[in-house]
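Here are my notes on the two-chain model you sent over. Have the structure open while you read, and take the points in order.

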Amino acid sequence: MRPGTGGPRRSAGGSGRPWPAGLLLAYPADWRARYGGELELLISDLHDGGRKPVPMAFDLLRGAATAWLRTTRGSAMSERSRDALITVLWSWVAYAVTAAWFGHDLGIYPSRGAAQQIAVAHPVVPDAFHVLFAVGVVGIAVTGVAAVPFAFEAARYARKNRRSSTFGMMAVPPVVAVVWFAGLHFISSGSATTGRLTVALLWFLLGLAGIAGSTQAISKIVAATEFSRTTWRIGAGAAAAIAAAMLVGTGATIVWGLAFRASQVNSGDAAGWLGVTAIMSVTTARAVIALIGSRRRTVSPEPAVA
Amino acid sequence: MDFTEPVVLVLTSLADGPKHGYALAKDIETFAGIKLGPGTLYGALSRLEDRGWIEALPAEDRRRPYQITAAGAESLATHLATAQQVAATGLRRLELGPAR
């Protein structure tokens, strides 16, 4: 037996069930399923050790009220939701960058003539460009709407707990966006020289780094803040909607690529499609698996104590 | 997570090894002279487990022991260091008497 794990001076379950144990019914069902068996045994142990039942009963009622309050605030679900949301966020950002790069000229890929040939040869194939565009609009809108309660609560939590670093991290995405678009405006305003093209390429790479930095800042805020149950639900709904949109976009891209290859317009260009499809499939799978995992219980319910 | 008194007591008790509910209650009674009620004790245990500062071990004789995690030990050490500093300051000022 490990040190400190020995039982009381009676055999387990050796006496009758003390009446305060009936107050376990006042606890939330989920909480009772996890801790009810252990708590009932502790009540019996303390009762056999001489604890008075009335103070125990008041303590249990207070504990039940606290458990209900915590269930309402969502603390119990927060850890599972937190990891899943961060995974979906990173997957969505990687997916969106890939889809934007692939989709921005998909309507004319590899040429306007080839695109028209595909449309004629396969009239039932969905237009991947418009599907990806719709996925992008839905994903960005959902992310924006869900970000409002998260940002509001993160700011309130940071102010209450004096976490100034949270405010610094909240400033990263808007500052990066403003600086990057201002730089883009400056770069694209002049004539296209070799030097300017090099700067444009560097600026594009810096933009990718900025997106990654902004995503990391948001992930750190989500990891360090206690959010309410309502906010976690909004986050879970948004994550589910984004994962569904990613599934649709990936499916449309796969169908488009197969049609493109079948049309034999220029099968050599399909290598780019394979790479894009691989990234989109992996990120979509990560998001879906994270969401499914977050809905599973992390602990098995305790068997009921007779 | 707020360092309520039961949370500190439970973490302190688990700092010297795994214990189940009854062993925790008796240990806390011994070193702190506080009789934690069963609802208070399990409220603290559930919060600590959610936060990842303690973890459950396989049940023995229907009693499930808990042990402190590395993150829990680090948080407790930080909290106790601050509390020690506050206590030392308070005691020193009490010895000096109120400022005139």
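**Notes on the model**

1. Let's begin with chain B, which has four helices and two strands. Along the sequence they come in the order α-α-α-β-β-α. Helices here are DSSP runs of H or I with at least four residues, strands are runs of E with at least two, and both are numbered from the N terminus.

2. A word on ground rules: this is a predicted model, so local features need pLDDT of at least 70 and side-chain atom pairs count only at pLDDT 80 or more, while totals for chains, interfaces and linings use all residues. Residues are numbered from 1 along each chain as its sequence is written, and chains are lettered from A and ligands numbered from 1 in the order in which they are written.

3. Chain A is built differently on paper: nine helices and zero strands. Reading from the N terminus you get α-α-α-α-α-α-α-α-α.

4. How confident is the predictor? The pLDDT (its confidence in each residue, from 0 to 100) averages 89 in chain B, with 93% of the residues scoring at least 70. Within chain B, helix α4 (residues 70–96) has the lowest confidence, at a mean of 90, and strand β2 (residues 66–68) the highest, at 95. For the model as a whole, ipTM is 0.88 and pTM is 0.54.

5. Chain A averages a pLDDT of 79, and 76% of its residues score at least 70. Among the elements of chain A, helix α4 (residues 112–121) sits lowest with a mean of 67, and helix α1 (residues 29–48) highest with 90. Take care with residues 297–306 of chain A, where pLDDT is below 50; that stretch has 16 contacts in the model beyond near neighbours in sequence. (A contact means C-beta atoms, placed from the backbone, within 7 Å.)

6. On burial, 40% of the 100 residues of chain B count as buried, and 31% of the 306 residues of chain A do. The cut-offs: buried needs 20 or more other C-beta atoms within 10 Å of the residue's own, exposed means 12 or fewer, and partly exposed is in between, with C-beta atoms placed from the backbone. A:Val175, in helix α6 of chain A, counts as partly exposed because it has 13 C-beta neighbours inside 10 Å. The C-alpha atoms of A:Val175 and A:Gly210 are 9.6 Å apart, although 35 residues separate them along the chain.

7. Contacts over long sequence distances: in chain A, 84% of the contacts between residues at least 6 apart join residues at least 24 apart. In chain B, 49% of the contacts with a separation of 6 or more are between residues 24 or more positions apart.

8. Now a pair inside chain A. The axes of helix α5 (residues 128–160) and helix α6 (residues 164–188) of chain A come within 8 Å and cross at roughly 150°, so α5(A) and α6(A) are roughly antiparallel (over 145 degrees). On the α5(A) side you'll find A:Ala151, A:Ala154, A:Ala155 and A:Ala158, meeting A:Thr166, A:Phe167 and A:Met170 of α6(A).

9. Across the chains, α1(A) and helix α2 (residues 21–32) of chain B pack at about 50°, with axes 9 Å apart. A:Glu38, A:Leu42, A:Asp45 and A:Leu46 of α1(A) make the contact with B:Gly21, B:Tyr22 and B:Ala25 of α2(B).

Technical notes. Axes are lines fitted to C-alpha atoms, for helices over the stretch in contact, and angles run from 0 to 180 degrees between N-to-C directions. Angles under 35 degrees count as roughly parallel, over 145 as roughly antiparallel, 65 to 115 as roughly perpendicular and the rest as oblique. Two residues are in contact if their C-beta atoms, placed from the backbone, lie within 7 Å. pLDDT is the predictor's confidence in each residue, from 0 to 100.
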